[in-house]
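Biologist: Hi! Could you walk me through this one? Maybe start with how you count a contact.

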Amino acid sequence: NITQPAVSRQVAQLERDIGMPLVVRSRQGVSLTAAGRLVVEHAEAIRGQLLQLETSLTELSEGARLAVGIGGFPSSFVGMIPELVRGVRAHAPEAEIILKRCGHDEALSLLRSAELDFALVFSRTDLLQKPTGIQIAELGEEPMLALLPRDHRLAKKAKVKLAGLAKERWIVGAPDPSSSIIVNACIAAGFEPSVVFETDDPLATQSLVAAGLGVSLSSPWISVALREDVVLRPLAPPVPMRRLRALVADPPGIGARMLLELARELKRPAPGKQTS
C-alpha cells in the first residue's frame, strides 16, 4: 500500500544509511545487490520475530489458546510429526495445530515470515550451513536403507551394497540442493542413478517400488507404515546418512519451545527392526 516514489525514497534513504547500493536499476528492471539480498534476509527474520512477539504478548494478556504451525518433509508425517502432535495434545489439549508440508528451503522462508513456528528438515551431512535468524536443534543422523520389492534379487540379503544397485532404475525425491541424499549417495558409490521418477510422497515411492518401476532409499521412520510387498534392507558401509534437524525462529516463541523439547524426546525406530 505504498506508492512507487515512496518506495524509491525509502530505498534511497536506506542506501544512504548503510553506505552501500542495495539495488541495481537497469532497463530490464531492478535487481538486488549482494548487500540487498543480505538486508532482505535479515529483514525477513526481524519481521518474523516481531510477529512472534506480538503473538506471545497477546497470548500472555488474553490467555489465548495456544496455536502452533508445524512444517516438515513428506515422510515426517508418517512417524515423527504424528508423535509431535500427540505430545502437543498431551500438554495443551485445546491447542490449534496447523500443519504444512515443506522442503528445507521453503521451511526457512516460512519460519522467517512467522507462518510456521517449527519445522522438521533433513539435509546431507556435508552441508552444515547456519541460516540467519534460525535456531537449530540437531536431532542426530539417520542411516538410509534400501527400499526394494519383496521379490527383488537382493531382498533377502542381510546388507545390500549400494554399488550393487547401479544398474537399477531409481525413484528419488524431488530436487532440493540441501536434501538430495539419494542421488549424491549413488554418485559417491561410483554411479549416476538412472532416475525414472521423482516424488516426495513416501506412499507413492513404496507403491512404485512394489510395482517394479525402480528401487529407492528410505529412512527407518517409514517402517511404521511399510507395505507388505516391499522390504527395507540395511546398506553395507559406507552407509549414506541424513542429518535430521528441528528449526525454529530465533528467538523461539512459546509453542516453538514446547515443540523443540518434544522433538528432542522423539524415539526413533531401530534400523535393524524393520527390514523383514
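Modeller: Happy to! A polar contact is a pair of N or O atoms within 3.5 Å; within protein, one must be able to donate a hydrogen and the other to accept it, and residues adjacent in sequence count only if both atoms are side-chain atoms. This is a predicted model, where local features need pLDDT of at least 70, side-chain atom pairs count only at pLDDT 80 or more, and totals for chains, interfaces and linings use all residues. Residues are numbered from 1 along each chain as its sequence is written, and side-chain values use heavy atoms, with hydrogens and water left out.

Biologist: Cool. What does the side chain of Thr199 lie 3.0 Å from?

Modeller: A polar atom of that side chain is 3.0 Å from the backbone nitrogen of Asp201. Thr199 sits in the loop between strand E9 (194-198) and helix H6 (202-210); helices (H or I, at least four residues) and strands (E, at least two) are DSSP runs, numbered from the N terminus.

Biologist: Is Thr199 buried or exposed?

Modeller: Thr199 is buried, because its relative accessibility is 14%. The cut-offs are under 20% relative accessible area for buried, over 50% for exposed, and partly exposed in between (1.4 Å probe, protein chains only).

Biologist: Switching topic: how many disulfides are there?

Modeller: Zero, with a disulfide being a pair of cysteine sulfur atoms within 2.5 Å. Cys102 is buried at 5% relative accessibility, and Cys186 is buried at 0%.

Biologist: And where is Ile18 found?

Modeller: In helix H1. Ile18 has 37% relative accessibility, so it counts as partly exposed.

Biologist: What follows H1?

Modeller: Gly19, with a positive phi near 85°.
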